[in-house]
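Q: I would like a close look at one part of this model, followed by an account of the chain around it. Please take the part first and then widen the view.

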Amino acid sequence: MFVSLFFPVFLGIVILCYFALPAKCRPAILFFASCVFCASLDIRSLVILFISILFTYCGGILLEHAGKNSFRPGKIHFILVVLLSLCLLLLLVFKYTGYIFQRFFPGLTFTQTLLPYFLMPIGFSFYLFQMISYLVDVAKGKLAAEKNFIHLGCYLAFFPRLVSGPIERAGDFLPQLSALSKIKFFDRGRLSTAFTYILWGYFMKMVVADRLALLVNSLFGSMQEFDSFFLFLGMLFYTMQIYCDFAGYSNIAIGCAAIFGIRLTQNFASPYQAASISEFWRRWHISLSSFLKDYIYIPLGGSRYGTFRKCLNTMIVFLLCGMWHGSGLNFVVWGLLHGIYSVIGTFLPSGRKYRVLTFFEAAFAWIFFRAESLSQALSYIRRMLTAGLQPRSFSRSLKLLELDPAEIIVVTISILLILLIDEFCYRKKLSLPLLIQEKPNAARYLIFYLLLIGIFVFGVYGPGYQAEQFIYMQF
């Protein structure tokens, strides 16, 4: 993916073709490049992606045709329900078939031979939600069905966001494709912003997330070797790892898209500065949060029917959120925990004094998200709470984690840097790349230089190291 040597070469070729060939070909170039990108990751995923595009294209036209021919609302609703049911059926098949057979029928020949065909296609969970939002908006008349197959294909398959989002709305993305012919390569403002997003994304991923991943993998994989102090650190390390990993991906995706003149949704807004779990979800994976709100929570009734119904709807949404993220019971518990936090928060006063509490609520829930199973998550929590402090094993634990004094300093400074920058961005209400663009040229170039040096000097990469895949690729 973004951290492989293939990607910068691929991106460079696409940029060259995009700006060298006739401007009217740009949507087609992006669509073709997206198909090549998907095929390079998994050819089976490309087949499913193309079928999904064709399904969405025909479904949108069918819904629009039904509306124009004065079908009764009940019939349009029926068509939409059938289309959405097929979408959700595919999600359930890909998400849970492997889990069910591996858990309950591990000895069957099916598990070994046919199971690979039921593995989750790359990016499917993300572009499926785009399919759903598109079909719903067309059915409601909020959006005209897209007649240009290439444009719709580009909307669903656009390679910077294919693997892990952001989850874009058709009404925001499709109009941009019609204006691509006006995009000039030599636009310093756009290119500078794009470069900043990409640099900051790589810094978050390679310097912070991948370094913490080495520690987290050891702590979760050998929890019996560590005392409560180190397991508590493991919880905090993963809290920062998943943020820097996912936000790093999103920043790289936003930067790559900006090169082509396409604006993607800002997916994170200093989430660990939130004072409640509800606010946390307005700042974390924003494109998913807004989808769940607009297409599940509000249709269920939202908060319009009293406190009990609001709490029930909240729990349903977070249960579905957990099930979307993974097929294990640990993901269900993770989702329900956030639902419980949100329900409790409904009855508590708001205030910035709850920021630390919110951070630790999210951090505790992340244990279930990181664990390979519910039993491992419970074992980790039990060990974390009961192992106690073992000062005599402190040096041995550092050795197991390969934490020398220099590494401890790098880890500590990188975490503090992320938290301080997030606090600054929270106060300014802008992301770091946009804040950097407000600085004079000299200051901007200095920041670029420092980020590049940080990535090359402190980034985790090189011979013998297998770059960590982005966490959200598995969803």
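In which loop, between which two helices, is the place of Ser393?

A: In this predicted model, Ser393 has its place in the loop that runs between helix H17 (374-386) and helix H18 (394-400). Ser393 counts as buried because its relative accessibility is 11%, and the cut-off for that term is under 20%. Ser393 and His325 are 68 residues apart in sequence, and their C-alpha atoms are 36 Å apart in space.

His325 leads on to another site, since it is among the residues that Trp334 touches. Trp334 is found in helix H15 (residues 329-346), and with a relative accessible area of 1% Trp334 is buried. Leaving aside residues up to four places away in sequence, Trp334 touches Trp281, Cys321, Gly322 and His325, and also Ala365, Trp366, Phe368 and Phe369. Ile367 is 33 residues from Trp334 in sequence, while the C-alpha atoms of the two residues are 8.3 Å apart in space.

Trp366, one of the residues touched by Trp334, also appears in the description of the largest nonpolar core. That core has 149 residues, and Tyr134, Tyr243, Trp284 and Trp366 are the members that touch the most other members. Helix H11 (residues 228-259) contributes the largest share of this core, namely 20 residues. For Tyr134, again not counting residues up to four places away in sequence, the residues touched are Thr56, Gly60, Leu143, Ala145, Glu146, Leu152, Tyr155, Ala170 and Leu174.

Two further helices show what their buried residues pack against or are covered by. In helix H13, the buried residues are Ser287, Leu288, Ser289, Phe291, Leu292, Tyr295, Ile296 and Tyr297, and these pack against helix H6 (124-139), H12 and helix H14 (307-325). In helix H2, the buried residues are Arg26, Pro27, Ile29, Leu30, Phe31, Ala33, Ser34, Cys35, Phe37 and Cys38, and their cover includes helix H1 (6-20), helix H3 (43-68), helix H7 (149-157), helix H8 (159-162) and helix H9 (170-177). The length of H2 can also be checked: its 16 residues (26-41), at 1.5 Å a residue, should span 22 Å, and the end C-alpha atoms are 23 Å apart, which agrees.

Some loops between helices hold backbone features that deserve a careful look. Gly165 and Pro166 are joined by a cis peptide bond with an omega of about 5°, and Pro166 has its place in the loop between H8 and H9. His285, although it is not a glycine, has a positive phi of about 45°; His285 is found in the loop between helix H12 (277-283) and helix H13 (286-297). At 0% relative accessibility, His285 counts as buried. Lys429 is likewise a residue other than glycine with a positive phi, here near 60°, and Lys429 is found in the loop between helix H19 (405-428) and helix H20 (432-437). With a relative accessible area of 67%, however, Lys429 is exposed.

The record adds an annotation that can be set beside the model. An unreviewed UniProt entry lists "transmembrane region" for residues 46-64, 76-94, 114-136, 191-209, 229-262, 408-426 and 446-465. Over residues 46-64 the modelled chain is 100% helix and 0% strand, with end C-alpha atoms 27 Å apart. Residues 191-209 are also 100% helix and 0% strand, and there the end C-alpha atoms are 25 Å apart.

Turning to the chain as a whole, the protein has 21 helices and 0 strands. A compact globule of 475 residues would have a radius of gyration near 23 Å, and the value for the protein chain is 23 Å, which agrees. Taken along the principal axes, the C-alpha atoms fill a box of roughly 75 × 55 × 55 Å. Buried residues make up 54% of the 475 residues, and among contacts between residues at least 6 apart in sequence, 77% join residues at least 24 apart. The accessible surface of the protein chain comes to about 22100 Å², and 68% of that surface belongs to carbon and sulfur atoms.

Methods: Residues are numbered from 1 along each chain as its sequence is written. This is a predicted model: local features need pLDDT of at least 70, side-chain atom pairs count only at pLDDT 80 or more; totals for chains, interfaces and linings use all residues. Side-chain values use heavy atoms; hydrogens and water are left out. Helices (H or I, at least four residues) and strands (E, at least two) are DSSP runs, numbered from the N terminus. Buried means under 20% relative accessible area, exposed over 50%, partly exposed in between (1.4 Å probe, protein chains only). Contact means heavy atoms within 4.5 Å. A nonpolar core is a set of buried Ala, Val, Leu, Ile, Met, Phe, Trp, Tyr and Cys residues joined through side-chain atoms within 4.5 Å. The expected span of a helix is 1.5 Å times one less than its number of residues. UniProt positions are given in the numbering used here, feature names are shortened, and annotations may be inferred rather than shown by experiment. The radius of gyration is taken over C-alpha atoms; the globule rule is 2.2 Å times the number of residues to the power 0.38. Accessible areas come from the Shrake-Rupley method with a 1.4 Å probe; for residues, only the protein chains shown count as cover.
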